[in-house]
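Okay, everyone, thanks for coming. Let me put the model up on the screen and then walk you through a few spots in it.

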Amino acid sequence: MKPAPFDYARAESLDEAVRLLAAADGDARPLAGGQSLGPMLNLRIARPTLLVDLSPVAELREVSEDEDGVTIGASVVHSAIEDGEVPDPTAGLMRRAASGIAYRAVRNRGTVGGSLAHADPAGDWAPVMMALGASLGIRGPEGGRSVEADAFIADPLTTVLEPGEIVEAIRVPRLSSGASWGHCKLCVKPGDFAESLAVVVIDPDRDHCRVALAGPTHAPILLEEVAGTVADANGWSDALAGEIKDAAGRGIAAAGFADTGDRYAINVHSTVTVRAAREALSR
């Protein structure tokens, strides 16, 4: 397949990128790593009249660190996080997540911001950022704004970005020394999108406990009842595993994450959640 015809422009700055995107009245797409957009163009699922190339924009590759966390430019590639070139305030969680994304060739070009903005429901970064309590910096014609990661994806392949807006950076809070996390990804073979992906982050010093779940058919969700169960736990046990699995099943059904009659899907997602929780509580 070949993409439908489109115009192409290279943005030399963030302001120019926003201006070019806004001028197209919602019919332009930003091009970063192209690992998700490229196939969609070739299959003609995406048919923008203009592609705005962000690769020259140095601002989108900047990384800054302070005592509270790290701000990661949207065009930072997955492999930079995997290889430790970017400070990791999450005690290894981000490096684990990055290393499980597709294949090395994809990780060398795919970007964190691009992955989040693409909003594939089975994408790797959204549940990680949701569990961490991260936020996304967004730049548009009206200026900048910040959106919490758990409010960014509205539906599969749909975000809260308005026409002309792009993800500028991701702000990741720093976990305290007593924090722990669990990450469990189930896929048919290494490199595939997740059939189910659960992330658990426990940070008692910040009174923070979150459990995020992603899968192929629904926008990622936070499982609040599971988080409460995990936060109150004193060590791991078979009984606790049963409580977490039951709570996950209720949360999945309530959110419409899986059809209430699809016992297989509910069991898979619940089991993956249990495994992530066990890792977090066993660290």
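I'll go through a helix and its neighbours, then a strand glycine, then the cysteines.

One thing up front: this is a predicted model.

So, let's start with helix α10, residues 238–255. How far should its 18 residues span? At 1.5 Å a residue you'd want 26 Å, and the end C-alpha atoms are 26 Å apart, so the helix agrees with expectation. Right after α10 comes G256, with a positive phi, near 70°.

Which residues of α10 are buried? Here they are: L240, A241, I244, A247, A248, G249 and I252. And what do those buried residues pack against? Three elements: β13 (208–214), α9 (224–231) and α11 (263–282).

Let me zoom in on the α9 partner. In general, you describe two packed helices by the angle between their axes and the distance between the axes. For α9 and α10, the angle is about 160° and the axes sit 8 Å apart. Anything over 145 degrees counts as roughly antiparallel, so that's the label α9 and α10 get. The crossing of α9 and α10 is right-handed. If you want to pick out the side chains, on the α9 side look for E225, V226, T229 and V230. Across from them, α10 brings L240, E243, I244, A247, A248 and R250. L240, I244, A247 and A248 in that set are also among the buried residues of α10.

Okay, over to the strand. G73 sits in β5, which covers residues 69–73. Is G73 buried or exposed? Buried: its relative accessible area is 2%. Leaving out residues up to four places away in sequence, G73 touches L60, E62, E168 and A169. Then there's L136, which is 63 residues from G73 in sequence, but with C-alpha atoms 9.9 Å apart in space.

Last stop, cysteines. How many disulfides does the structure hold? Zero. Why does C184 not have a bond? Its closest cysteine sulfur is in C187, 9.7 Å away, and that's too far. For this count, the two sulfurs have to be within 2.5 Å. C184 is also buried, by the way, at 14% relative accessibility. And C209? The closest cysteine sulfur to that one is in C184, 17 Å away, so again too far for a bond.

That's my tour, so over to you for questions.

Notes: Residues numbered from 1 in each chain as written. Predicted model: local features only at pLDDT ≥ 70, side-chain atom pairs only at ≥ 80, totals over all residues. Heavy atoms only, no water. Buried < 20%, exposed > 50% of the residue type's maximum accessible area, 1.4 Å probe, protein only. Helix = DSSP H or I, 4+ residues; strand = E, 2+ residues; numbered from the N terminus. Expected span 1.5 Å × (residues − 1). Contact = heavy atoms within 4.5 Å. Axes fitted to C-alpha atoms, helices over the stretch in contact; angles between N-to-C directions. Parallel < 35°, antiparallel > 145°, perpendicular 65-115°, else oblique. Left-handed = near helix turned anticlockwise from the far one by under 90°.
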